[in-house]
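Colleague: Hey, I've just opened this one and don't know my way around yet. Can you walk me through it?
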Amino acid sequence: MAVREVIIVGGGVAGTATALALQRAGIRAEVFEAHTSGGADAGAFLTVMRNGMAALEEIGATEAVTAVSFPADAVALLDESGARLGHRPIEGPARTLTRAALYRALQELAVERGIPVHHGRRLTTAASHGDGVEAVFADGSRVRGDVLVGADGIHSPTRRLIDPDAPEPRYSGQHVVYGYTPGNPAGLDENAYHMIRGSQAFFGVTVPAGDGRTWWFARLRGTAPAAGLSPEQWRDLALEKCGDDATPARALIAAGTGVVGSDSHDIPTTPRWHGDRMVLAGDAAHAAVPAAAQGASMALEDAVALAVSLREHGDPAEAFAVYEDRRRTETEETVAASARMGSSEHG
């Protein structure tokens, strides 16, 4: 029996893109997002790489995302003294934008196309019932569908429902701090990334054309998670790790606004991606540290692959198996590569 109604838990990149992809496949989806609006780490920014842009084209979202993003044209690598070690173009198209802007663009597009997107609906449990699945939310509401997609992030409740023994996210030994500095005080090229391999941290900076700000991030080594720090404490930690190098990092961090920080985790492998009526997508299945800049792009590719599999295979378990076969090897290789890159970044 063909899948007609899909419950999607999570309104971030993976969840909303999956809803858009399913609609194109002729399958109705409804999105349930735990946050009342926006999402976690909304102040962070990311780059959608070439493969992610191709997936956006598949779901008809290229124009919406391009409107709120900037080109990512090239990347230069510098050392702690500011000396250039290399320069290369980014194989595009690739676009840089805030995580919040990507959430909004995809969610607004979903609503515009008639896809229901509910906020403030945190999943508490779900179970299969005959030829369907029922999800229960913290507000006491319930909803039934043919299948449930857990696109609920690295700390996915759905992952544990599918497999009570599923692995917990692994702390990578890094923190990531993001900020925005008025103007372009370092005089950097627009739409290009400058990646600085510092003595104690890896610092990345870009100047989107027309934005009027310099966007930066710092990846810092840490012996233990540091969750719960205030923006001022995250800024001080970044200054402590980046301040001794002869690069623009100290000045940019000191003048930064909208500073947010978080601990970096990944999931090297998730043994079970699906049950008979539930399946994982995005970070819920394969979370990576940000070094490879592939998190959003992998989630977008998942959305397309899952929708195609559900369209082509009437039995959900068969569709899920085909989807996993298409995505598991590539995503696990990317997660591993990103971990290696992250561990080798610091001087």
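Modeller: Sure. A word on charges to begin with: Lys and Arg count as positive and Asp and Glu as negative, while His and the chain ends are not counted. Also keep in mind that this is a predicted model.

Colleague: OK, so how far apart are the mean positions of the positive and negative charges?
Modeller: They are 1 Å apart, taken over 31 positive and 44 negative charges.

Colleague: And how many helices and strands does the protein have?
Modeller: Ten helices and 18 strands.

Colleague: What about the overall dimensions, along the principal axes?
Modeller: The C-alpha trace spans about 65 × 40 × 35 Å. The radius of gyration is 20 Å, which agrees with the value near 20 Å that a compact globule of 347 residues would have.

Colleague: What percentage of the residues count as buried?
Modeller: 55% of the 347 residues. As for the surface, the accessible area is about 14100 Å², and carbon and sulfur atoms make up 50% of that.

Colleague: Let's zoom in on a sheet. What is the strand order in the open sheet of three strands?
Modeller: The order is S3-S7-S4, and the pairing is antiparallel. S3 and S4 (70-71) are the edge strands with a single partner strand each, so each has one side without a neighbour in the sheet.

Colleague: How many bridges are there between S3 and S7?
Modeller: Four, with S7 covering residues 95-98. For example, Phe45 has Thr98 in S7 as its bridge partner. On the S4 side, two bridges link S4 and S7, and Pro71 sits opposite Arg95 of S7.

Colleague: Which way do the side chains of S3 point?
Modeller: Phe45 and Thr47 point one way, Leu46 and Val48 the other. That fits the usual pattern: in a regular strand, side chains alternate between the two faces of the sheet.

Colleague: Are those four buried or exposed?
Modeller: Phe45, Leu46, Thr47 and Val48 are all buried.

Colleague: Switching topic: where is Ser69?
Modeller: Ser69 is in the loop between helix H3 (62-66) and S4.

Colleague: Is Ser69 buried or exposed, then?
Modeller: Buried: its relative accessible area is 6%, and the cut-off for buried is under 20%.

Colleague: Which residues does Ser69 touch, leaving out those up to four places away in sequence?
Modeller: Arg95, Thr96 and Leu97. Those residues fall within S7, which runs over 95-98.

Colleague: And how far is Ser69 from Glu134?
Modeller: Their C-alpha atoms are separated by 37 Å, and the two residues are 65 apart along the chain.

How values were computed
Residues are numbered from 1 along each chain as its sequence is written. This is a predicted model: local features need pLDDT of at least 70, side-chain atom pairs count only at pLDDT 80 or more; totals for chains, interfaces and linings use all residues. Side-chain values use heavy atoms; hydrogens and water are left out. The radius of gyration is taken over C-alpha atoms; the globule rule is 2.2 Å times the number of residues to the power 0.38. Buried means under 20% relative accessible area, exposed over 50%, partly exposed in between (1.4 Å probe, protein chains only). Accessible areas come from the Shrake-Rupley method with a 1.4 Å probe; for residues, only the protein chains shown count as cover. The place of a charge is taken as NZ of Lys, CZ of Arg, CG of Asp or CD of Glu. Two strands pair if DSSP finds at least two bridges between them. Contact means heavy atoms within 4.5 Å.
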